[in-house]
Every structure is written in C-alpha cells, then in structure tokens.
Amino acid sequence: MALQNTQFNAIMREYDRKQLHSQHQLEKRTEEIYGKIPRIEEINQRMVSASASKARALLKGESNDIRDLREEISELSLEKRTLLSIHGYPENYLDPQYECPLCKDSGYINGEKCSCFKKAAIALLYDQSNIQEILEKENFQTFSFDYYSDKIKDEVTGKTPLEHAQMAVRKSMEFIDHFQDLDGNLFIYGDTGVGKTFLSHCIAYDLIHKGYSVLYFSAYELFQLLADQTFSRDDENASYTMDSVCEADLLIIDDLGTELTNTFVKTQLFSILNERLIKKRSTIISTNYDIETFSNVYTTRIFSRIMQRFTLLNLIGQDIRVQKTLGGSNK
Ligand SMILES: [Zn+2]
C-alpha cells in the first residue's frame, strides 16, 4: 500500500520511538541486574571485548582464534542466563524486548517491509477514515431489528421489512465469515434511512477487528477527492489514493448516487471495481437507487460487473432516523 511521505515519516518516527523506548528499558534492567548480580557486569564487559576480538580475527582470517572466541562468548552467555535464572529472572531479561521481534521494531526485514509496517499503515488509514468513533456505536452489538416492521409486506417481494433485514444480516454474516476465501462483494440498496450505512458499519467493525484493512468513503467524498487530485495535477497523491482504494482488503463506497455522476466518475468507478475484482478484494456499495434506476445512471459495464459479482441485499421499511425522532421503534 503506497503511503504519502508524511504518513511514511510518521510511521518511521514511531519505530524510532519504539527503539529508543526498548533501549531505555534495557538500560534500566541492566542497571538493576548489575546492582544485584555484579558478576553479570563482568560477563558483559568480557563479552564486549571478546566480540571485538572476534571481529578483528574475522578480518584477519584467523580461524583458530575465531573458534576460541566464539566458544568463550557462548560460555559467557550461558553463564549469564544461568545466573539470571538462579536469581529468579527470565533468561532473556537482558535481551532487548521489541514490540515486533521479527523486525526488531525497525519496520523492515532484509529491505522488505515487515508485516507490522503494513498493520501500522492500516491503522493510520483507519484513523484517517474517520469512522472509528462511529463504529464503536454502530456494530452488530447495537444493531436492532426493532426498526423493521413484521406487518407490512413489500408488494414486489411479498416479504416484510423484518424479513428483508434478517436476510441482509444473514448474508452479511456469511460475507464476514468467508471473507478470506470467497472474496465476495455486497450491493446494499434501499430507500433513505433503512439502515444501509449502519449495516456496512457493522461489517466494517467486524472485519477491522479481524485485522483486515477497511477503507470507508461516501461516494461524494471519494470522487471529489479523486477529481481534486487528478485535476490539480497532484499526481503523487492521486496515485496514492487510487492505490489505497484498490489495495484495502475491503472498500466501502457508501451512498453511491450522491456524487456528481459524470463521465469522470463513471470511468473511475469502473476502474476501481474492475481492479479490485481482478485483485480479489471485496467491495461493498450502498445506494438509494433501485436496480432499474441504477442501471440507467451508470454504464452497462459497471452494471453488469455488479449483477455478476455482487450479492444484492435489499433493505426496506420506514426511515429509521424518523422513527428514532418520533421515539422508539415503529413495528
Ligand atoms: Zn515488524
């Protein structure tokens, strides 16, 4: 996932901070141990000079010396660990303790980004996606079927709003459970206020907590951002945004149809959907349009991708925001 320079620097500064912290903690532990087990200070000093001699011997190619020094170092190390153990400390008490032992909090392993770097990048994006606070309120623990009537029946489907909601939640759960293996996509449609955004938040919450990267945009925001960057020739940021949008494990485009739907938007939308389908990354789209209007507004290419590759979820019922304002559910 490409990052802006400022974001990259922020992550690297955090690694510097972690390394300094672990160095500082190690110094404190060392001081403590030197006070209690003075022999360990001698051992450490001897190890330092033996390591220096070993380096010199390596340079000169003196293999007998190298062998002797290597043996001495391993004996000293064993003695140190034994002493620590006898005094009730963990054997590795005087080893540096890293948050990520894989890269020793450097972010890199042999020039390649460590998995913890990717996590940090996701966390940064998550922070910036601005939905953390909302997700604490809108997730499956707080989802309520009370707002979906079990009395009125939809003329077309013959099902009640409650049945629609139950089906949508069941499909969403399946989507989450098989996120890894099925690279599925969801198309959530229905009138304003029937809980489409809420449902997509529930899914985002669960997947973020399973460690997946989730990017959330309202369609308006997303295409405005892409247009601003493209037309101001801010190529670096435009390609960063596009990369993130195509790379995130889950992309949510909320309220499709609220953007200014022009040729630029249609082209961008198609390339995002197409790229993500090729990369087997999941997308959730929500829209107020019904299927027919949707097919009229967007291109055939977009419409057919969605019909073929997305699971359709239809929420119906009365505007939940209105129901809440009027007080309580309206079953
Ligand atoms: Zn790491």
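A crossing of two helices is left-handed if the near helix is turned anticlockwise from the far one by less than a right angle, and right-handed if clockwise. Keep that handy for the exercises below.

The model here is predicted, with local features needing pLDDT of at least 70, side-chain atom pairs counting only at pLDDT 80 or more, and totals for chains, interfaces and linings using all residues. Residues are numbered from 1 along each chain as its sequence is written.

**Exercise 1. Work out how H2 packs against H3.**

Step 1: find the helices, which are DSSP runs (H or I, at least four residues) numbered from the N terminus, just as strands are runs of E of at least two. H2 covers residues 38-60, and H3 covers residues 63-86.

Step 2: check the length of H2. Its 23 residues reach 34 Å from first C-alpha to last, close to the 33 Å expected at 1.5 Å a residue (the expected span is 1.5 Å times one less than the number of residues). Right after H2 comes Gly61, with a positive phi near 75°.

Step 3: look at the axes, lines fitted to C-alpha atoms over the stretch in contact, with angles from 0 to 180 degrees between N-to-C directions. Those of H2 and H3 come within 9 Å and cross at roughly 160°. That makes the two helices roughly antiparallel (angles over 145 degrees; under 35 is roughly parallel, 65 to 115 roughly perpendicular and the rest oblique).

Step 4: name the hand. H2 and H3 cross left-handed. Residues in contact (C-beta atoms, placed from the backbone, within 7 Å) include Ile40, Ile43 and Met47 of H2 and Ile66, Leu69 and Ile73 of H3.

**Exercise 2. Do the same for H6 and H8.**

Step 1: the axes of H6 (residues 161-177) and H8 (residues 196-209) come within 10 Å and cross at roughly 25°. The pair is therefore roughly parallel.

Step 2: this crossing is right-handed. Among the residues making the contact are Phe175 of H6 and Leu199 of H8.

**Exercise 3. Lay out the sheet.**

Step 1: put the strands in order. Five of them form an open sheet, S4-S5-S6-S3-S7, with parallel pairing (strands pair if DSSP finds at least two bridges between them).

Step 2: find the edges. S4 (214-218) and S7 (311-314) each have a single partner strand, so one side of each lacks a neighbour in the sheet. From one strand to the next, the twist averages 15°.

Step 3: zoom in on one pair. S3 (residues 186-189) is joined to S7 by four bridges, and Ile188 has Leu313 in S7 as its bridge partner.

How values were computed
Contact = placed C-beta atoms within 7 Å.
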